Amino acid sequence: LSPSSGLTHESHRKDVEQVYLRCSEGSIEWMYPTGALIVNLRPNISPASYKHLTVCIKPFKDSAGANIYLEKTGELKLLVRDGERSPSRVYCFGYDQGGLFVEATPQQDISRKITGFQYELMSKGIAADLHTASAPCRPCSDTEVLLAVCTSDFVIRGSIQNVTNEAEEQESVIHVGVNKLYRQKSKVFQLTGESGNWRGQIKTLLECGVKPGDGDFLFTGRMHFGEARLGCAPRFKDFQRMYKEAKDKGLNPCEIGPD
């Protein structure tokens with residue numbers, strides 16, 4: 001969504017414009033910001049479910065020209081300060097904590113400014129998993145792995161080809177060679193090159209200390225702002241064991257066919 005350009009409101013610097021967004025994810029781009037925007041997130045779900053939602057926003061890398069606030073009943077809480085540079089920083093809050101108020105800051109030349117961010121609405125449980133610092137580093141229990149197979153946005157069998165560390169963003173990028181693709185929500189894993197191999201990238205926290213290693217893993221996780229984020233990732237032989245044990249007891253939450 002691209003609200004009206006500020007250049008068309010040059011004589012109305014105090015204008016407040018309201019926008020209503022029905023999608024559960026998307027982006028806002030405000031060119032030449034003046035005045036303010038009230039961003040109303042109104043997903044197509046029952047209002048009774050709103051209390052179970054978390055809102056996350058991720059400013060564009062070059063976003064500038066406005067402060068972003070959380071607003072509730074007239075009170076403003078600063079979320080993102082104009083000019084703040086935090087690569088890959090994501091800001092999350094409960095849907096019932098308020099809405100977004102985007103206010104342009106005084107500029108000598110607004111034609112050089114564009115304010116923008118991506119947003120996502122998700123259940124509080126999923127948001128907690130994505131944004132709990134220790135979650136990606138802690139080994140999953142057998143039950144957590146089997147549930148992750150059923151509920152994750154992607155499930156693949158693959159090997160770690162390489163790991164690159166991004167110190168500034170405090171993240172590691174796992175370069176994965178895919179041996180079997182069970183499921184993917186977005187086309188993160190694709191056929192590459194003439195050899196016809198499937199490859200893709202998964203991100204996790206730098207503090208988890210992921211390193212290249214031999215053998216296959218079962219990679220699971222969720223999509224977050226267009227990126228694959230690592231969830232449970234047991235060695236594949238361990239997953240086969242736990243899957244067989246659960247199946248023999250009739251306790252498998254879903255079928256996947258691990259062979």
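**Close-up views of a predicted model**

Take the contacts in the protein between residues at least 6 apart in sequence, and 66% of them join residues at least 24 apart. Keep in mind throughout that this is a predicted model.

**View 1. The whole protein sets the scene with 3 helices and 15 strands.** Of its 259 residues, 40% count as buried. The accessible surface comes to about 14200 Å², and carbon and sulfur atoms hold 48% of that. Disulfides number 3, and salt bridges number 12. The views below pick out some of these.

**View 2. Here is the largest nonpolar core, a group of 25 residues.** Six of its residues touch the most other members: Leu41, Ile57, Leu79, Leu100, Val102 and Phe117. Zoom in on Val102 and leave aside its neighbours within four places in sequence. On one side of the list of contacts come Trp30, Gly35, Ala36, Leu37 and Val39. Then there are Ala66, Asn67 and Ile68, and finally Thr115 and Phe117. Phe117 therefore turns up twice, as a contact of Val102 and, like Val102, among the residues that touch the most other core members.

**View 3. Cys56 and Cys92 form a disulfide with their sulfur atoms 2.0 Å apart.** The pair links distant parts of the chain, 36 residues apart, with Cys56 in strand β4 (residues 53–59) and Cys92 in strand β7 (residues 91–94). The link is right-handed, with 105° about the S-S bond. Which of the two ends is buried, and which is partly exposed? Cys56 is the buried one, at 0% relative accessibility, while Cys92 counts as partly exposed at 34%.

**View 4. A disulfide joins Cys140 to Cys232, S to S 2.0 Å.** Both ends sit in loops: Cys140 is between α1 (124–131) and α2 (142–151), and Cys232 is between β15 (227–230) and α3 (236–248), so the link ties together parts 92 residues apart in sequence. The torsion about the S-S bond is about -90°, which means a left-handed disulfide. Cys140 is partly exposed at 26% relative accessibility, whereas Cys232 is buried with a relative accessible area of 9%.

**View 5. Cys150 and Cys254 make another disulfide, with sulfur atoms 2.1 Å apart.** This pair also links distant parts of the chain, 104 residues apart: Cys150 is in helix α2 and Cys254 in the segment after α3. With a torsion of about -100° about the S-S bond, the disulfide is left-handed. Cys150 counts as partly exposed at 26% relative accessibility, and Cys254 does too, at 23%. Cys23 can be looked up alongside; at 48% relative accessibility, Cys23 counts as partly exposed.

**View 6. Asp142 and Arg241 form a salt bridge between two helices.** Their closest N and O atoms are 3.5 Å apart. Why does this salt bridge tie together parts that are 99 residues apart in sequence? Because Asp142 lies in helix α2 and Arg241 in helix α3. Both partners are partly exposed, Asp142 at 32% relative accessibility and Arg241 at 35%.

**View 7. Within helix α3, Asp248 forms a salt bridge with Lys244.** Here the closest N and O atoms are 3.0 Å apart. The two residues are 4 apart in the helix, about one turn. Buried or exposed? Asp248 is exposed, with a relative accessible area of 56%, and Lys244 counts as exposed at 53%. In the same view, look for Lys247 and Glu255, another salt bridge, whose closest N and O atoms are 4.0 Å apart. Lys247 is partly exposed at 47% relative accessibility, while Glu255 is exposed, with a relative accessible area of 58%.

**View 8. A network of salt bridges takes in Glu166, Glu169, Glu171, Lys203, Glu227 and Arg229.** Side chains of opposite charge can pair when their charged atoms come close. In this network, the Glu residues are Glu166, Glu169, Glu171 and Glu227, with Lys203 and Arg229 also among the linked residues.

**View 9. Leu181, Leu191 and Trp198 make a nonpolar surface patch of about 260 Å².** Trp198 is found in strand β13 (residues 197–205). This tryptophan is partly exposed, with a relative accessible area of 32%.

Conventions. Residues numbered from 1 in each chain as written. Predicted model: local features only at pLDDT ≥ 70, side-chain atom pairs only at ≥ 80, totals over all residues. Heavy atoms only, no water. Core = buried A, V, L, I, M, F, W, Y, C linked by side-chain atoms within 4.5 Å. Buried < 20%, exposed > 50% of the residue type's maximum accessible area, 1.4 Å probe, protein only. Contact = heavy atoms within 4.5 Å. Patch = residues over 30% accessible without salt bridge, like charges linked within 9 Å, V, L, I, M, F, W, Y side chains within 5 Å. Areas by Shrake-Rupley, 256 points an atom, 1.4 Å probe, with all protein chains shown as cover. Salt bridge = Lys/Arg side-chain N within 4 Å of Asp/Glu carboxyl O. Disulfide = S-S within 2.5 Å.
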